[in-house]
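Please read the structure below from its overall contacts down to single side chains. The paragraphs that follow take that route.

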Amino acid sequence: MRMNEALEEVLSSRELPAYANEAPADAKYPYAVFKTKRITSGTICQYRMTVNVWDQRDTWNRAETLADKLEKTIDHTRFEFDSGAGMIYKDTCESNVVEDKKLKKVEMTFEIRTVEE
């Protein structure tokens, strides 16, 4: 399993599915989309992961609640993938206004440190 596939499993829950890079066109709200960017490479690597929790509601309550729950769930989570293992650490969390007033986006950033073969 690749790192992004392992992260999809770690981030996904029954109430909040998570997708790498973009959600499928038929995805139902709410959902999370994440992207990773390698910061350092070598045997020990560092990544920056941005996670956006998307919801289609008039209020921010559900999006913020799901983002808070996800943040608490994955902070200091260890995961494994084909070529190594990693640990997730929380960084920032903020709400963002989107053009469409019904769409809500809560953006979080995390640091991931991996040990790879």
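In this predicted model, 56% of the contacts between residues at least 6 apart in sequence join residues at least 24 apart. The elements that these contacts can draw on are two helices and six strands, and along the sequence they follow the pattern α-β-β-β-α-β-β-β.

The overall dimensions come next. A compact globule of 117 residues would have a radius of gyration near 13 Å, and the chain, with 14 Å, agrees with that. Taken along the principal axes, the box filled by the C-alpha atoms is roughly 45 × 25 × 25 Å. Of the 117 residues, 43% count as buried. The chain exposes about 7,100 Å², and carbon and sulfur atoms supply 45% of that area.

Charge is the next topic. The chain carries 18 positive and 22 negative charges, and the mean positions of the two sets are 3 Å apart. Side chains of opposite charge can pair when their charged atoms come close. How many salt bridges does a search of the whole structure find? The search finds six, and three of the pairs are described here, beginning with Glu-15 and Lys-69.

The side chains of Glu-15 and Lys-69 form a salt bridge with an N to O distance of 2.2 Å. Glu-15 sits in the loop between α1 (3-11) and β1 (18-20), whereas Lys-69 belongs to helix α2 (residues 61-74), so the bridge ties together parts that are 54 residues apart in sequence. Glu-15 has a relative accessibility of 35% and therefore counts as partly exposed. Lys-69 is also partly exposed, because its relative accessible area is 45%.

A second salt bridge joins the side chains of Asp-91 and Arg-48, at 2.9 Å from N to O. Here both partners lie in strands: Asp-91 in β5 (residues 84-97) and Arg-48 in β3 (residues 44-56), so this pair links parts 43 residues apart in sequence. With 41% relative accessibility, Asp-91 counts as partly exposed. Arg-48 is partly exposed as well, at a relative accessible area of 30%.

Lys-102 and Asp-58 supply another of the bridges, their side chains meeting at 2.7 Å, N to O. Both residues are in loops, Lys-102 between β5 and β6 (103-116) and Asp-58 between β3 and α2, so the pair ties together parts 44 residues apart in sequence. Is each partner exposed or partly exposed? Lys-102 is partly exposed, with a relative accessible area of 43%. Asp-58 has 59%, and because exposed means over 50%, Asp-58 counts as exposed.

Helix α2, which holds Lys-69, also contains Leu-66. Leu-66 is buried, with a relative accessible area of 9%; the cut-off for buried is under 20%. Which residues does Leu-66 touch, leaving aside its neighbours within four places in sequence? The contacts are with Glu-15, Leu-16, Pro-30 and Val-53. Glu-15 thus appears twice in this account, as a contact of Leu-66 and as the salt-bridge partner of Lys-69. Val-53 falls within the residue range of strand β3 (residues 44-56). Leu-66 can also be placed relative to Val-106: the two are 40 residues apart in sequence, and their C-alpha atoms are 9.3 Å apart in space.

Notes
Residues numbered from 1 in each chain as written. Predicted model: local features only at pLDDT ≥ 70, side-chain atom pairs only at ≥ 80, totals over all residues. Heavy atoms only, no water. Helix = DSSP H or I, 4+ residues; strand = E, 2+ residues; numbered from the N terminus. Rg over C-alpha atoms; globule rule 2.2 N^0.38 Å. Buried < 20%, exposed > 50% of the residue type's maximum accessible area, 1.4 Å probe, protein only. Contact = heavy atoms within 4.5 Å. Areas by Shrake-Rupley, 256 points an atom, 1.4 Å probe, with all protein chains shown as cover. Lys, Arg positive; Asp, Glu negative; His and termini not counted. Charge placed at Lys NZ, Arg CZ, Asp CG, Glu CD. Salt bridge = Lys/Arg side-chain N within 4 Å of Asp/Glu carboxyl O.
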